[in-house]
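Here's a quick look at one helix and the ligand shell it helps build. Have the structure open while you read.

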Amino acid sequence: MDNLLSPVASYYTDKIKEFGPQPKGVDWNGEDGQLLRFEQLCRVLDPEAAFSVVDVGCGYGALLDFLQERYRDFQYLGIDISETMIETARDLHKAAAHAHFLSGTEPESPVDFAVASGIFNVRLGSDEPNWKAYIRDTLQRMHAFSKRGFAFNCLTSYSDADRMRADLHYADPCELFDLCKREFSRNVALFHDYGLYEFTIVVRK
Ligand SMILES: C[S@@+](CC[C@H](N)C(=O)[O-])C[C@H]1O[C@@H](n2cnc3c(N)ncnc32)[C@H](O)[C@@H]1O
């Protein structure tokens with residue numbers, strides 16, 4: 001793993017060790033926000049037909065439980081840079097035959113859809129230009145390995161200044177919308193209307 005992601009992996013490994021498999025264990029404030037994020041991201045999925053989906057930065061696999069309650073026919077792959085997250089996710093979902101968890105940053109072969117919740121938020125010591133380049137590179141890779149579409153969220157640069165933290169990254173939604181529209185697809189949606197200090201972008205191909 002490169003210098004940029006190693007500290008991020010350690011950060012999340014510490015969280016899951018401290019709090020266990022619950023929203024605080026992946027650094028979310030609570031379940032309501034976590035589920036609200038999943039609702040936005042899952043707009044990219046196809047409710048009518050079978051699909052495969054990769055969950056980039058799956059944490060302990062909370063999205064899998066969310067999908068199981070709403071979709072019938074899908075193959076799920078959760079990937080995460082924290083080995084401890086992956087071990088925890090595997091332990092929790094032993095019975096899920098249509099799901100797998102792997103450590104890393106991308107799947108070995110293309111999938112229908114890719115989603116990523118929370119992977120662009122914690123930048124720790126990386127400076128802004130490097131982190132922006134990392135986001136761009138990660139989106140290019142998600143585009144490359146997703147056949148039908150992908151979705152991701154970011155903290156927003158429209159957050160209240162007095163509540164912003166130096167170790168977090170607040171992205172410009174207009175800049176990322178423009179990137180997705182120019183480089184990935186004509187069909188891009190930006191959702192910035194769900195009450196959290198963040199936005200979700202859905203790219204359909
Ligand atoms: C904020 S947590 C969210 C976990 C999960 N998506 C959820 O919403 O419950 C972000 C997770 O992404 C992982 N992560 C961060 N950057 C990643 C990357 N580039 N590739 C894979 N996993 C990553 C972290 O280890 C952490 O488990």
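Which residues of α1 are buried? In this predicted model, they are Val8, Tyr12, Lys15 and Ile16. Look down the axis of α1 and these buried residues fall within an arc of 90 degrees, so they line one face of the helix. That buried set packs against α4, residues 83-92. Flip to the other side of α1 and you'll find Ser6, Lys17 and Glu18 exposed.

Here are the two sides next to each other:

| Side of α1 | Residues |
|---|---|
| Buried | Val8, Tyr12, Lys15, Ile16 |
| Exposed | Ser6, Lys17, Glu18 |

The length of α1 checks out too. With 14 residues at 1.5 Å each, α1 should span 20 Å, and its end C-alpha atoms do sit 20 Å apart, so expectation and model agree. Just past α1 comes Gly20, with a positive phi of about 75 degrees.

Now for the ligand. It has 22 residues around it, and the closest are Tyr12, Gly57, Gly59, Gly118 and Ile119. Tyr12 is therefore a residue to look at twice: it belongs to the buried set of α1, and it is also listed among the closest to the ligand.

Where does the shell come from? α1 (6-19) and β2 (74-80) each chip in at least two residues, and the largest share, three residues, is from α1. Sorted by class, the shell around the ligand holds twelve nonpolar, eight polar and two charged residues.

Definitions and conventions
Residues are numbered from 1 along each chain as its sequence is written. This is a predicted model: local features need pLDDT of at least 70, side-chain atom pairs count only at pLDDT 80 or more; totals for chains, interfaces and linings use all residues. A residue is near a molecule or strand if its C-beta atom, placed from the backbone, lies within 6 Å of it. Helices (H or I, at least four residues) and strands (E, at least two) are DSSP runs, numbered from the N terminus. Ala, Val, Leu, Ile, Met, Phe, Trp, Tyr, Cys and Pro count as nonpolar, Asp, Glu, Lys and Arg as charged, and the others, Gly among them, as polar. The expected span of a helix is 1.5 Å times one less than its number of residues. A residue is buried if 20 or more other C-beta atoms lie within 10 Å of its own, exposed if 12 or fewer, and partly exposed in between; C-beta atoms are placed from the backbone. The arc is that of the directions from the helix axis to the C-beta atoms. Two residues are in contact if their C-beta atoms, placed from the backbone, lie within 7 Å.
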